[in-house]
Amino acid sequence: MNTLTKVIDGSDFSAIYVVGDLHGCYSLLMQELEKVHFNFEKDLLICTGDLVDRGNENLECVSLVNQPWFYCVRGNHEEMCIKGRDDAWIQDMHAQNGGEWFYLLLTEKQDELSEIFSALPLAIELNLKHKKIGILHADIALNDWNVFKKKIAKGESRIPRLTSAYTNALWGRGRIRNHSYRYGTVKNIDEIYLGHTIVKEHIQIDNCYYIDVGSSYTQKLCVVKIKDAN
């Protein structure tokens, strides 16, 4: 059974980087990794989700999950691939937002990709020597990382008009849009890296860092080093 929070021991890797949403921009990612002299034998790259849609190299980006140097959280675009085939409303929204390629695939390929995406965690917790770092796709409305992990494990809310931590982690934008209202530093975690909401440049709000700079729209990726090579 898939756990929705994956814990990684940072001591297993040399340098560690986090990158924003890829959206089918595999070649762009390879260019950026070359710029930072990424070591594919020793380093680790963690992505904030949305591997697919909008760009033209979707299957290439999905193939990254099989690499030992790459980890990724689930984004709302992966979630739409999982649920869109059984929900006409989600499928229509997905197709209008770059997902039309997915429904042109053979059913067997859709099944394969859905299984891959369903195995992705909603959050990654990276333990380094002197700090703990969280990575998730969209939003954390709670001000306590440990409470957040427990809440996402409960899944989506079945109560109308109640947004669950699970749903917010995939779709939310509350903290970045209303950061002065009811939000603050998230306890029990040192830094959190998020994507989903496009920003002009890497920005910090409390101990949350937003690093989705538009990839398929801007031909730019934000790659942040969060651990130096040993």
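## A quick tour of two sheets and a bent helix

H77 is found in helix α3, and that residue makes a handy way into this fold. Keep in mind that you're looking at a predicted model. From H77 we'll hop over to a helix with a kink, and then to the sheets. One of these is an open sheet of four strands, and another is an open sheet of six strands.

**Starting point: H77**

- H77 has a relative accessible area of 3%. Buried means under 20%, so H77 counts as buried.
- Which residues does H77 contact once you leave aside its neighbours within four places in sequence? The list is H23, D50, V52, D53, R54, H94 and N97.
- Two names there are worth remembering for the next topic: H94 is one of the buried residues of α4, and N97 is where α4 bends.

**The bent helix, α4**

- Helix α4 covers residues 88-103, and a straight helix of 16 residues would span 22 Å at 1.5 Å a residue. Between its end C-alpha atoms, though, α4 spans only 12 Å.
- Where does α4 bend? Look at N97: the bend there is about 105°.
- The N-terminal end of α4 has a cap, and D87 provides it. A side-chain oxygen of D87 lies 3.0 Å from the backbone nitrogen of W89.
- Buried residues in α4 include I90 and H94, along with G98, G99, W101, F102 and Y103.
- What do the buried residues of α4 pack against? Their partners are α2 (58-62), α3 (76-83) and α5 (107-118). You've met α3 already, as the helix that holds H77.

**The four-strand sheet**

- Reading across this open sheet, the order is β4-β3-β2-β10, and the pairing is mixed.
- β4 (70-72) and β10 (223-227) each have a single partner strand, so one side of each has no neighbour in the sheet. That's what puts these two strands at the edges.
- From one strand to the next, the twist averages 25°.
- Strand β3 (residues 44-47) pairs with β4 in the parallel sense, over three bridges. If you want a spot to zoom in on, find L45, which stands opposite F70 in β4.

**Two buried residues in that sheet**

- L44 sits in strand β3, and its relative accessible area is 0%, so it is buried.
- Along the sequence L44 and S14 are 30 residues apart, yet in space their C-alpha atoms are 7.5 Å apart.
- Not counting neighbours within four places in sequence, L44 is in contact with I8, F13, A15, I16, Y17, F38, W69, F70 and Y71.
- V18 belongs to strand β2 (residues 16-19). Is V18 buried or exposed? With 0% relative accessibility, V18 counts as buried.
- Beyond residues up to four places away in sequence, V18 touches plenty of others, among them L45, I46, V223 and V224. I135 and Y193 are on the list of contacts too, and you'll see that pair again below.
- V18 and H94 are 76 residues apart along the chain, and 26 Å separates their C-alpha atoms.

**The six-strand sheet**

- This one is also open and mixed in its pairing, with the order β1-β5-β6-β7-β9-β8.
- Which strands are at the edges? They are β1 (5-9) and β8 (203-205), each pairing on one side only.
- Here the twist averages 25° from one strand to the next.
- β5 (residues 123-127) and β6 (residues 132-136) pair in the antiparallel sense, over five bridges. A hairpin of four residues links β5 to β6, and the bridge partner of N127 is K132.
- On β6's pairing with β7 (residues 191-194), the sense is parallel, over three bridges. Within β7, Y193 stands opposite I135 and I192 stands opposite G134.
- How covered is β6? Four of its five residues are buried, so you can call β6 mostly covered.
- Helix α6 (residues 145-152) lies across β1, β5, β6 and β7. Its direction makes an angle of about 140° with β5.

Terms used: Residues numbered from 1 in each chain as written. Predicted model: local features only at pLDDT ≥ 70, side-chain atom pairs only at ≥ 80, totals over all residues. Heavy atoms only, no water. Expected span 1.5 Å × (residues − 1). Bend = angle between axes of the 7 residues up to and from the residue. Buried < 20%, exposed > 50% of the residue type's maximum accessible area, 1.4 Å probe, protein only. Contact = heavy atoms within 4.5 Å. Polar contact = N/O pair within 3.5 Å; in protein donor to acceptor, adjacent residues only side chain to side chain. Pairing = 2+ DSSP bridges. Axes fitted to C-alpha atoms, helices over the stretch in contact; angles between N-to-C directions.
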